[in-house]
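This report describes the architecture of a single protein chain. It begins with the cysteine links and then turns to the sheet, the nonpolar cores and a polar site.

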Amino acid sequence: MTVEVSDHRRRRRLRHATRVPGHRILAAALGVVAAVAGFGIVFVETSLNLADDGFTTEDISALLPSQTPSATPSATADADPEDLSAGKALNILLLGSDTRLGDDNQELGKGDVGGMRNDTTMIMHISADRSRVEMLSIPRDSRVAISNCKMLDGSTVLGWTGKFNIAFSNGGQNGNVAEAAACVATTIYDLTGLLVDHYAVIDFSGFVEMVDALDGVPMCVTEDVYSPKAHLDLEAGAQVLDGTTALAWARARTGYGLGDGTDLMRIERQQELLTNMARKALGLNVLTDAKKGTKFINALAASMTMDPDLGDSRYLLGLAWSLRNFDTENLYMATVPWQYAGDASGDVLWTQPDAQEAFDALIKDKSLEAVLEPESVTDTTTGSGDGSTKKNNTTKGSSASASPSASATPLRETQDEILADCVID
């Protein structure tokens, strides 16, 4: 039996994977903003207050190289939600924690493991004109200089050169994921000059709840997969993965049908998982379905630790509303350009100047795809100059305009249409 992905999906996957593959579990969490887009005004005041009660937030601005002023939430939910960061590009630090705190995480993680680590680090960039959502992943095995990290009690944890995920572990020595996130954000800034505006951390159980809130994620499994360690057994073909299975799919490394077992081999299927999660969430049209929207935002509230702004339902709702016309064709995922260290350590090194150019694109709100894959992007010489984009062998502007633009007819797909992309011969 052979599995074939439709031409449209094959072009998209090859474009993303040609040079800079994407990364990991928390990818799917950003369903948070891109996939949440469209909650809109269906939430009554009670629903918003319930969501706020469920959010776990902690302010880490005092631990960061620079502070981002807090936004003021809208006073009422009666009008269209207000994007409190309108006209400003945003960089959101997304972290996937493998903590075993809590019975659910121990069961999903298959055992108790001490300490605090993260398997996923991703910068989600939302362009100032809200036309682009880009995700840049940082491999956990990147060999870098880890920063000295300030803690909330005034102490400092000294850094050293090692794997990138040491930053989260160092910051999490006191068991506080917010301090862990601050250490990662500080390390990113010291390495690249990029300041993060918000952060969000998700654990195993939170990821499962988010997927289940969408009633699963449609996927095209391109070959039979069997991983005893991950408790994963899938036949090739089109199918819908529930939360537990999707988590196993994102975490699996060893077994049949999973490549050579390296962390980087998981990249393409994790990209596809995130993309399909966003496609399904947008296709559900939660703007007009209060029940589905409430279920998802409540799952979101229960599953993440984030900064106070991102953890305010009206701030998040306003940002989501500004993305209501976002087209999933403009969702681009990549990984910091890398190469193996070549010393049998399994570490990867960032290739320069490409890696810094990728971060500079985020800092300057330039198209990440235009920087990393210029051969697939050409400057448009006609049109209004509004930063609008077209893909699949057409043209695309190399940077976003300061004036907002969005697709008048954004791509929306049903689950059946997504599954139909997977053709089995």
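## Disulfides

The link of Cys-149 and Cys-183 is right-handed, with 70° about the S-S bond. This pair connects distant parts of the chain: Cys-149 lies in strand β7 (residues 149-150) and Cys-183 in helix α6 (residues 177-192), 34 residues apart. The model under discussion is predicted, and the structure holds two disulfides.

The second disulfide is formed by Cys-220 and Cys-422. The torsion about the S-S bond of Cys-220 and Cys-422 is about 60°, so this disulfide is right-handed. Distant parts of the chain are linked here as well, with Cys-220 in strand β11 (residues 217-221) and Cys-422 in strand β19 (residues 422-424), 202 residues apart.

Cys-149 and Cys-183 are both buried, and Cys-220 and Cys-422 are both buried. When the bonded cysteines are counted along the chain, the disulfides follow the pattern 1-2, 3-4. The sulfur separations are set out below.

| Disulfide | S to S distance |
|---|---|
| Cys-149 to Cys-183 | 1.8 Å |
| Cys-220 to Cys-422 | 2.2 Å |

## Overall composition

The chain has 14 helices and 19 strands. Of its 425 residues, 56% are buried. Among the contacts with a separation of 6 or more, 74% are accounted for by residues 24 or more positions apart. The exposed area of the chain is about 16800 Å², of which carbon and sulfur atoms supply 50%.

## The seven-stranded sheet

An open sheet of seven strands runs in the order β2-β15-β10-β3-β4-β5-β16, and its pairing is mixed. At the edges stand β2 (56-57) and β16 (331-335); each has a single partner strand, so one side of each is left without a neighbour in the sheet.

Strand β3 (residues 90-97) is mostly covered, with eight of its eight residues buried. In a regular strand the side chains alternate between the two faces of the sheet. In β3, Leu-90, Ile-92, Leu-94 and Gly-96 point one way, while Asn-91, Leu-93, Leu-95 and Ser-97 point the other way, and all are buried.

The two pairings of β3 illustrate the mixed character of the sheet. With strand β4 (residues 118-126), β3 runs antiparallel, and eight bridges join the two; Leu-95 has Thr-121 as its bridge partner in β4. With strand β10 (residues 198-202), β3 runs parallel, joined by five bridges, and the bridge partner of Leu-94 in β10 is Ala-200. Strand β10 also pairs with strand β15 (residues 304-306), in the antiparallel sense and over three bridges. In that pairing, Ile-202 is matched with Met-304 of β15.

## Nonpolar cores and a covered helix

The largest nonpolar core has 48 residues, of which Met-135, Leu-232, Trp-249 and Leu-273 touch the most other members. Helix α9 (residues 267-283) gives the most to this core, contributing six residues. A second, separate core of 40 residues includes Leu-136, Ala-178, Ala-181 and Leu-362.

Which residues surround Trp-249, leaving aside its neighbours within four places in sequence? Trp-249 is in contact with Met-219, Val-221, Val-225, Leu-232, Leu-234, Leu-241, Arg-269 and Leu-273. Of these contacts, Leu-232 and Leu-273 are themselves named among the members that touch the most others in the core.

Helix α11 (residues 313-322) is likewise mostly covered, with nine of its ten residues buried. The buried set comprises Ser-313, Arg-314, Tyr-315, Leu-316, Leu-317, Gly-318, Leu-319, Ala-320 and Trp-321.

## The site around Asp-347

Is Asp-347 buried or exposed? Asp-347 has a relative accessible area of 10%, and because this lies under 20% the residue is buried. Asp-347 is placed in the loop between β17 (338-340) and β18 (348-350).

The side chain of Asp-347 makes a polar contact of 3.0 Å with that of Arg-143 and another of 2.3 Å with that of Lys-163. Not counting residues up to four places away in sequence, Asp-347 touches Asp-141, Arg-143, Lys-163, Gln-339, Tyr-340 and Ala-341. Two of these, Gln-339 and Tyr-340, fall within the range of β17 (338-340).

Technical notes: Residues are numbered from 1 along each chain as its sequence is written. This is a predicted model: local features need pLDDT of at least 70, side-chain atom pairs count only at pLDDT 80 or more; totals for chains, interfaces and linings use all residues. Side-chain values use heavy atoms; hydrogens and water are left out. A nonpolar core is a set of buried Ala, Val, Leu, Ile, Met, Phe, Trp, Tyr and Cys residues joined through side-chain atoms within 4.5 Å. Buried means under 20% relative accessible area, exposed over 50%, partly exposed in between (1.4 Å probe, protein chains only). Helices (H or I, at least four residues) and strands (E, at least two) are DSSP runs, numbered from the N terminus. Contact means heavy atoms within 4.5 Å. Two strands pair if DSSP finds at least two bridges between them. A polar contact is a pair of N or O atoms within 3.5 Å; within protein, one must be able to donate a hydrogen and the other to accept it, and residues adjacent in sequence count only if both atoms are side-chain atoms. A disulfide is a pair of cysteine sulfur atoms within 2.5 Å. Accessible areas come from the Shrake-Rupley method with a 1.4 Å probe; for residues, only the protein chains shown count as cover.
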